[in-house]
Amino acid sequence: AEVAFETRRSELIRTKASNVRLEAMTEGTSMGSKDLQKANAYIAGLEGAVPNVTERVNLYKLHEQMRSRNLDTKHLSEGKAQLFVTPDDLNLKLNMGPGSGV
């Protein structure tokens, strides 16, 4: 009886894991389709102003990068995180006076 119980229990666990994986895949596919529709609408909307499709795609990439950076900045500003940057991170050049080698 215990063997049958454990067998059924194992089957239940595998079925639940399979269902969770299937749900995640379905959600990912849905999100990907929505992202694709947004990208297509953005790129098609620029067709009159920017005839070159490569340039439109590059503009979309830049748009998404800026959106992502804005979201990162928002999250940083809402939390208690500390951000440490170096001059290289900001493409910053410091003039330390003559002979500084910078």
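In the predicted model, a salt bridge joins Arg9 to Glu6, with a separation of 3.6 Å between the closest N and O atoms. Both residues belong to helix 1, where Arg9 and Glu6 stand 3 residues apart, about one turn of the helix. Arg9 has a relative accessibility of 44% and therefore counts as partly exposed; Glu6, at 38%, is likewise assigned to the partly exposed class.

The Arg9–Glu6 pair belongs to a set of 3 salt bridges found in a search of the whole structure. Side chains of opposite charge can pair when their charged atoms come close. In helix 2, the side chains of Glu64 and Arg67 form a salt bridge with an N to O distance of 2.8 Å. Because Glu64 and Arg67 are 3 residues apart in helix 2, about one helical turn separates them. The relative accessibility of Glu64 is 22%, a value that lies between the 20% and 50% limits, so Glu64 counts as partly exposed. Arg67 is also partly exposed, at 45% relative accessibility.

A salt bridge is also formed by the side chains of Glu78 and Lys74, for which the N to O distance is 3.7 Å. Glu78 and Lys74 are both located in helix 2, with a spacing of 4 residues, about one turn of the helix. The relative accessible area of Glu78 is 54%, and Glu78 is therefore classed as exposed. For Lys74 the corresponding value is 45%, which means that Lys74 is partly exposed.

The packing of the two helices that carry these pairs was also examined. Helix 1 spans residues 2-45 and packs against helix 2 at an angle of about 125°, the two axes lying 9 Å apart. Helix 1 is therefore oblique to helix 2, since the angle falls neither in the range of 65 to 115 degrees counted as roughly perpendicular nor over the 145 degrees required for roughly antiparallel. The crossing of helix 1 and helix 2 is right-handed.

A nonpolar patch is present on the surface. Leu76, Leu83, Val85, Leu90 and Leu92 make up this patch, and together these residues have about 460 Å² of accessible area. Leu76 is placed in helix 2, which comprises residues 53-78. With a relative accessibility of 34%, Leu76 counts as partly exposed; this value also meets the requirement of over 30% relative accessible area for inclusion in a patch. Helix 2 thus contains Leu76 of the nonpolar patch, as well as the Glu64–Arg67 pair and the Glu78–Lys74 pair.

Technical notes:
Residues numbered from 1 in each chain as written. Predicted model: local features only at pLDDT ≥ 70, side-chain atom pairs only at ≥ 80, totals over all residues. Heavy atoms only, no water. Patch = residues over 30% accessible without salt bridge, like charges linked within 9 Å, V, L, I, M, F, W, Y side chains within 5 Å. Areas by Shrake-Rupley, 256 points an atom, 1.4 Å probe, with all protein chains shown as cover. Salt bridge = Lys/Arg side-chain N within 4 Å of Asp/Glu carboxyl O. Helix = DSSP H or I, 4+ residues; strand = E, 2+ residues; numbered from the N terminus. Buried < 20%, exposed > 50% of the residue type's maximum accessible area, 1.4 Å probe, protein only. Axes fitted to C-alpha atoms, helices over the stretch in contact; angles between N-to-C directions. Parallel < 35°, antiparallel > 145°, perpendicular 65-115°, else oblique. Left-handed = near helix turned anticlockwise from the far one by under 90°.
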